[in-house]
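The following exercises concern a two-chain model and are each followed by a worked solution. Please examine the sequence and the structure before reading the solutions.

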Amino acid sequence: MLGFLKQVGDYAKESLQAAKYIGQGLSVTFDHMSRRPITVQYPYEKLIPSERFRGRIHFEFDKCISCEVCVRVCPINLPVVDWDFDKTTKKKNLKHYSIDFGVCIFCGNCVEYCPTNCLSMTEEYELASYDRHELNYDNVALGRLPYKVTQDPMVTPLRELAYLPKGVMDPHDLPPNARRAGQMPQEILEAAQKAAPKETKTES
Amino acid sequence: MNQGIDLQGSFVNALVDLGISPGAASALWLPLPMVVILIGATVSIFVTVWLERKISAAAQQRIGPEFAGPLGTLQAAADGIKLIFKEDITPAKADPILFTLGPAIVVIPVFLSYLIVPFGQNLVITDLGVGIFLWIALSSIAPIGLLMSGYSSNNKYSLLGGLRAAAQSISYEIPMALAVLAVVLMSNSLSTIDIVNQQSGYGILGWNIWRQPAGFLIFWIAALAECERLPFDLPEAEEELVAGYQTEYTGMKFGLFYVGSYVNLVLSALIVSILYLGGWESPISVSWLASLIGVSETTPWLQVITASLGIMMTLFKAYALVFIAVLLRWTMPRIRIDQLLDFGWKFLLPVALVNLLLTAALKLAFPVAFGG
């Protein structure tokens, strides 16, 4: 008899606990309703990509020495380097270069390893097209520079979260010269350069 | 008893004075409340869709629809127009008759149930003696339509969704009916008007929610399950079943399911507010206030105020419940089918039975408070 009552009591306790948890969950969602939306109204407002953004790859035709390092470091050997050997100058002559961005994973290995820095990452990310073959960029398309978000008169550029002043969550209506939290890279560099001579003096 | 505003009587009398026979006058009156309620139910879809999208957005720190109409209020109209202009596809190996009948059978009972939803003493299409029972009976037609559309789509996801919908509706109808039975026990009547009248007179203190707290919770949970709202939306669980019985539907047939689900949500919220939250009664009794300042209950302007306040109160309570339903949607994860059936049969059903027995016992013990 008592065992049965204990069972009933435990069951009731569990149900009450479940109800409590549901209440807690409801209070969380209710609290979120009073928070400001973080929406970026995309075609009209765009986030400024960070300096290290890995977007569509830019290629400078004249710098390329057709060494094919980019092909070797690519996880799937994606860049197509079309060259022939010019016997008179004893140099490789680059004819075509292309990367298929429908297949590229934007890992950035090719940019990292290019000996002449002819590859670089841009901040372009709007690559949508009606046909996947349009994503196969040849050396002309790869040489184009993207339009910057900050220079587009149709777009309100918004700073990403890490580029906002300390404590600010909303990128809308910032004062134009609001400083981001922490030190800028060049400031860290300056501080390091100031500190460096002292260190060498103490060493010597 | 305050009879309140009597639109039908006034309308018929006015026509009889114009020289029309009383029978013809009554016949002329008949379609008017139906059309009003039909329009009201349709408008409620717009309101509910807008509320759902805006509240969902707020709970997720988004803005929600903004460009279709002021504050996105016409978003539902935009969705509806899109659905109307979409191609109406019937899958090649589907059963075309059942496939078309399914959505209609789901939607029609929901609209029919508005017959018994009162917005005031005389502001109801028909004060049926079986009132609330009619609603329970009509709501059990919907799973047949769901099963029909699930089966006729000739798609395994649809079939599973339809079966789940049927199982869910059947399991949750029983605790729901038992919860309603406890309320009916107290008011000695199935009529929705009588149920509200039994709660009237003491303002917020007289509402059934104080006498039936367990019944209120059981009924609300079961109503959410009947509407396939989120903690119980597994008939159309998109991660498992694509869209359940809706998978093969496009265009206006899909639109009917969509309309049906939202009207059903509003209807359930209305029924909850009638059964447990005092229907058109204000938190502070209007008739009591009137007697306090010495105005007769039959004063025309007071009757107009009472009637309009009653409509607003009913709608306010219903939409407060819709708000809770939307908030619950973003709070609770979907439960599994075995958990759903366990919850319905092993928890809600016994609790509802105990609640019914307790109500009966309390009614015998305290006939004053529990409607002897």
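**Exercise 1. Locate B:N154 and B:L71, and describe their backbone and exposure.**

Step 1. B:N154 lies in the loop between α7 (142–152) and α8 of chain B, where helices (H or I, at least four residues) and strands (E, at least two) are DSSP runs numbered from the N terminus. The model is predicted: local features need pLDDT of at least 70, side-chain atom pairs count only at pLDDT 80 or more, and totals for chains, interfaces and linings use all residues. Residues are numbered from 1 along each chain as its sequence is written, while chains are lettered from A and ligands numbered from 1 in the order in which they are written.

Step 2. B:N154 is not a glycine, yet its phi is positive, at about 55°. Most residues other than glycine have a negative phi.

Step 3. B:N154 counts as partly exposed because it has 14 C-beta neighbours inside 10 Å. The classes rest on C-beta atoms placed from the backbone: a residue is buried if 20 or more other C-beta atoms lie within 10 Å of its own, exposed if 12 or fewer, and partly exposed in between.

Step 4. B:L71 is found in the loop between α3 (31–59) and α4 (75–85) of chain B. Its phi is near 55°, a positive value in a residue other than glycine. With 14 C-beta neighbours inside 10 Å, B:L71 counts as partly exposed.

**Exercise 2. Determine how α8(B) packs with α16(B), and α3(B) with α13(B).**

Step 1. Two packed helices are described by the angle between their axes and the distance between the axes. Axes are lines fitted to C-alpha atoms, for helices over the stretch in contact, and angles run from 0 to 180 degrees between N-to-C directions.

Step 2. For α8 (residues 156–187) and α16 (residues 337–365) of chain B, the axes come within 9 Å and cross at roughly 10°. α8(B) is therefore roughly parallel to α16(B); angles under 35 degrees count as roughly parallel, over 145 as roughly antiparallel, 65 to 115 as roughly perpendicular and the rest as oblique. Their contact has 20 nonpolar, 5 polar and 2 charged residues. Here Ala, Val, Leu, Ile, Met, Phe, Trp, Tyr, Cys and Pro count as nonpolar, Asp, Glu, Lys and Arg as charged, and the others, Gly among them, as polar.

Step 3. The axes of α3(B) and α13 (residues 251–275) of chain B come within 9 Å and cross at roughly 95°, so these two helices are roughly perpendicular to each other. Among the contacting residues are B:S44 and B:T48 of α3(B) and B:V266 of α13(B); residues are in contact if their C-beta atoms, placed from the backbone, lie within 7 Å. By class, this contact has 8 nonpolar, 2 polar and no charged residues.

**Exercise 3. Which residues touch the most other members of the largest nonpolar core?**

Step 1. A nonpolar core is a set of buried Ala, Val, Leu, Ile, Met, Phe, Trp, Tyr and Cys residues joined through C-beta atoms within 7 Å. The largest has 91 residues, of which B:A179, B:V180, B:F219, B:A222 and B:V266 touch the most other members. α8(B) gives the most to this core, with 16 residues.

Step 2. Leaving aside residues up to four places away in sequence, B:V266 touches B:S44, B:T48, B:A318 and B:V322. A second, separate core of 14 residues includes A:I99, A:F101, A:L119 and A:Y137.

**Exercise 4. Trace the strand pairing in the open sheet of chain A.**

Step 1. In chain A, 3 strands form an open sheet in the order β3-β4-β6, with antiparallel pairing; two strands pair if DSSP finds at least two bridges between them. β3 (80–86) and β6 (136–137) stand at the edges, each with a single partner strand, so one side of each is left without a neighbour in the sheet.

Step 2. β3(A) and β4(A) are joined by 7 bridges. A:F85 stands opposite A:K92, and A:D86 has A:K91 as its bridge partner. These strands form a hairpin with 4 residues between them, and A:K90 in the turn has a positive phi of about 55°.

Step 3. β4 (residues 91–100) of chain A pairs with β6(A) over 2 bridges. A:D100 stands opposite A:N136, and A:I99 is the bridge partner of A:Y137.

Methods:
Two residues are in contact if their C-beta atoms, placed from the backbone, lie within 7 Å.
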